[in-house]
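Grab your viewer and work through a few short exercises on helix packing and cavities. Each one comes with a task and a worked solution.

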Amino acid sequence: MSTPAESDGSRTPDSNLLNVAVQRTLAGGSETPVHRIKNAPGYVTPVFKGKQEQRSKVEAIVSRKGFIPRELVPNEVAWFYSYLGIDDNYFAAESDEVISDHIIALFGAKVLAYTKHDPSKLVIDLEKIDEATGATFIHTSPPGKTATEGPGSNCETRIDALFLDKSTPENAFRLETYRSHGSVSSTASQQLRCYFVTKCNFPENPPASTRTDGKTDIRTVSDPVFLEKASDNTLEIYQTIMWSVEQRYGPVIEVFQVEGSREHRLVIGYKMGGTSKFFSALSNLYHFYSLYSARKYVEQFSNGITIVSIYLNPLPNTNAPPIEHSIFQVMKEASLLYCLPDNPFFYAGSGEAEGHAVQEAVYAYCGWVFAQHFCNRLGPAYLALKNVLDESNPAHAEVLNDIKRRFREETFTRESIAQVIHAHPDLINLLYVNFAMTHYPEADEASQLMPTLSYQRLHTQQPLTDQELYDKIRRSASNKHELQVLEAFLIFNKHVLKTNFYQPTKVALSFRLAPDFLPEVEYPKKPFGMFLVIGNEFRGFHIRFRDVARGGIRIVMSRNREAYSINQRMLFDENYALASTQSLKNKDIPEGGAKGTILPALGAPPRLCFEKYVDAVIDLLIPGQSPGIKEKLVDLYGKPELLFFGPDEGTADMMDWAALHARSRGAETWWKSFTTGKSAETLGGVPHDTYGMTSLSVRQYVLGIYKQLGLREKDITKVQTGGPDGDLGSNEILLSSDRTVAIIDGSGVLADPQGLNREELIRLAKLRKPVGFFDVAKLSKDGYLVKVEDQDVKLPTGEVVLDGIDFRNGAHLRFKADLFVPCGGRPEAVNISNVAALVDTEGKPHFKYVVEGANLFFTQQARMFLEKRKVVLFKDSSANKGGVTSSSLEVLAGLALSTDDYVEHMIFKNGKPSPFYQSYVKDIQAKISENAAAEFHCIWKEHSRLQGAKARTTISDELSSKLNDLQAELENSDLFDDVPSRRGVMTKAIPKTLIEKVGLDALLSRLPEPYQRALFSSWVASHFIYKYGVNGSSVDFFHFARDLAA
């Protein structure tokens, strides 16, 4: 807020500009500032000069329509114009006809209430909506209550949906709403709530800025109507909020106390599109604390910023806490509301007796998400079946998978878990207290003088011990299903190590979890650490298998509601499987395997979900030190953590933003290494496709097969999935000289038994165009191209292809060749259900050799099926690890170089790389080829030693596991503490270009110790095993270790 930013890099307004007689009082669990402002209007309503003339016309129209008796018309019109308290805005904006209709509607409502002999039944509901220009809503509204029925119950949610949530700088809507001063009639005390939504008209040529400091001048980005109405005081406040929003990713929330009154002004600024349904949710929030708003404004600015301003007053004659206390609770909970405005567990109502407070409701939502993923859905019946069946038998494995999937779908649904939460609000409250007693930040001296309501709630609620709470849950649950759901909340509480739940500003909720609760039957390999991130538009996970770990962040998109439900159920399992596979692939680099997944809600913008996910994770990586913005967390983990993110499906173009955002948040030492896959020219990334990094390792396996079997490449026929438009596909074409007979990619199927024209393939690979652009004139008479959009195509053999998409989807199962190199395609494209199609009627496989370039193209059972039929197959985690090696060395450069060195040597100048960069890329390419060749020979040698008794797939997995286990052992050993050995290994493990530029001593002082241990142990483990094989003895290791210092 108005405090200097510290290490987390959040910035704050320049308080000198707030010449509003600011005086601070400290309250609210942290140094929450409250500013005092003079008791003067924040907005000035221009007087409507034509009001009297309009009134005469309206009176004539009402008389002419005849609905109201003529003698009553002057009185009704006078009351409407003079005593109801409707703002001149309304009269200036509406036509005479509309106003006359509204007066008649008001009269009709009075007549109806009279016939019911109950003035409280007087309900007014006037509205006019034009989605292109704006809307007017006028309805009866009791102060301080959220209407659950009648006209007020959905008015604000409709304004959010129709206007505010859709606002962009090009098409924005501002809102003014206020409560009328007068009552509806002399016999009914109801007041009216008026809402005016108008389209912003930002001038094409805004006024020139008067500022000389380069900061945004609010007058240059404002709607002229706002400038006409806003007081100088309001402009100054909004100006300062705007600067904070520009420099911060999350919302900016400030409170101003109006001098000489109990009114408080809550002002919230955020970037357009940063949240949704927020304006309507805020009403529920302050009503909960028995506050009502006199006026509310939502202003939009052409630089993409939204500012909400609410004038809050306490309801008279209530038992609610004084506004001087509750306003800070509203501030705190507004930040939670910003993250989750659409929360089914936050009930509309006034006062704590009528629903959960926002904190309890958000906790309930997070527990709901946790329970959906982690209620143990398999249980003893599945375990018994698993023990009886043989998972290495493909048929058994398929049955087990089907049962597992069915258990997941049918046992705990989102709806059934929500029903349990709604049925036990008292238990959810106790579970929240149990959570908060651990994670609520310690009170500082100032807040002990005036503690926040949530702090008071915690200390008036008698906390139960874990055992007492479990016993209460056990006694309260009416069946086993309820018990498991409520137990999941307790498990969640006990395994949260740190969270941003109580941070004053945030954009999504993040939890660092200890993974001990994961059942071994489902997750046999225990992750090192995991994060759960929950936002309004998404949910996501991050799993890593070692302290120092790296992996891509994948966005899982859903085509429809059914696909979303499936993705939601399988999200954690998919994340776990991807991270586990990554850890097999990351065997000879310092970083262990990791993966992040983000599941956007249907229609949610993927980029917004990614940005919120990253920001929420960074909240848990950087110690907060800016009171009121990013404060210190309760950290049960107690050690610094480093995560390394990479590109994956849907996030390739977002890595630059994540690195720069980490830097803006204050991660000065690690922003350069936070993401890989960054732009080469602007951020010094090392693109895999440009330098063929992944293809280099795939190529080593192909060349290894040729060399071991004495084959000539030009005699080899090959089938390839993934076309010339992709990274792997294009580089495979450019690096090879075989006779390619078929290529399958997203655009269709290209085939020619005589061999595809290589010059044409190279042309497409250089242009990065799919096979759909192949010049068919260069096919032989037996060749063909079937595009996905084609139908009823006749092939040279006479076969008719009815549908191009169906043909493409199954084409990898129809071709025969010596070599198959998948360079693209969906995971599990070859599985136990279809792998038999790769063997002909005589039992002969379609391919002799398979090098799996694409991740997870074959399932494990499919690989074993082919190897049993003598196919020479090398799996993905061995063959395509070139990309992870390149990314690992990109991370090393980011950690090793200072920011100045990094900018000087890694970022391009005038579009050209520095000599250092070019040399470093060559070092990376050499390391990839060296590692791939070493692993290939190790697998080949072991397979030969066992005379084919063990499949290469199994040897590859065992090699990965042995490497990972040995690396973990070495990380925890004292071998690293032997300085000569350490220096000897580091000299070999760190690329020569980097050592020459920085010097070994400087490198060792800059690299974090956990990273150094990981680098040391990965180099020792991989070089020992590649040299001595998976059966290397202790004596072998003794000899090997003796020479490390050399």
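**Exercise 1: a first helix pair**

In this predicted model, helix H1 (residues 51-65) packs against helix H2 (residues 73-83) at an angle of about 140 degrees, and their axes are 10 Å apart.

Task: work out which orientation class H1 and H2 fall into, and which hand their crossing has.

Solution:
- Start with the angle, about 140 degrees for H1 and H2.
- Angles over 145 degrees would count as roughly antiparallel, and 65 to 115 as roughly perpendicular.
- The angle fits neither class, so H1 and H2 are oblique to each other.
- As for the hand, H1 and H2 make a right-handed crossing.

**Exercise 2: another pair**

Task: find how the axes of helix H26 (residues 727-735) and helix H27 (residues 758-767) cross, and name the hand.

Solution:
- The axes of H26 and H27 come within 9 Å of each other, crossing at roughly 140 degrees.
- With that angle, H26 and H27 are therefore oblique to each other.
- The crossing of H26 and H27 is left-handed.

**Exercise 3: the largest cavity**

Task: count the cavities of 30 Å³ or more, then describe the lining of the largest cavity and say where the largest cavity lies relative to the domains.

Solution:
- The count of cavities of 30 Å³ or more is 7.
- The largest cavity holds about 150 Å³ of space.
- Its lining is made of 16 residues, and those nearest the centre are Asp 588, Ile 589, Pro 590, Lys 927 and Ala 989.
- Now look at the elements: helix H31 (882-896), helix H33 (915-945) and helix H38 (1009-1028) each give two or more residues to this lining.
- H38 gives the most, with 6 residues.
- Sorted by class, the lining has 8 nonpolar, 6 polar and 2 charged residues.
- Finally, domain 3 (500-667) and domain 4 (693-950) both give residues to the lining, so the largest cavity lies between them.

Technical notes:
Residues numbered from 1 in each chain as written. Predicted model: local features only at pLDDT ≥ 70, side-chain atom pairs only at ≥ 80, totals over all residues. Heavy atoms only, no water. 1 Å grid on protein atoms, 1.4 Å probe; cavity = no way out; pocket = protein on both sides within 12 Å on 5 of 7 lines; lining within 4 Å. Points joined across faces, edges and corners; volume = space filled by probe spheres on them. Helix = DSSP H or I, 4+ residues; strand = E, 2+ residues; numbered from the N terminus. Nonpolar A, V, L, I, M, F, W, Y, C, P; charged D, E, K, R; others polar. Domains from an automatic or database assignment. Axes fitted to C-alpha atoms, helices over the stretch in contact; angles between N-to-C directions. Parallel < 35°, antiparallel > 145°, perpendicular 65-115°, else oblique. Left-handed = near helix turned anticlockwise from the far one by under 90°.
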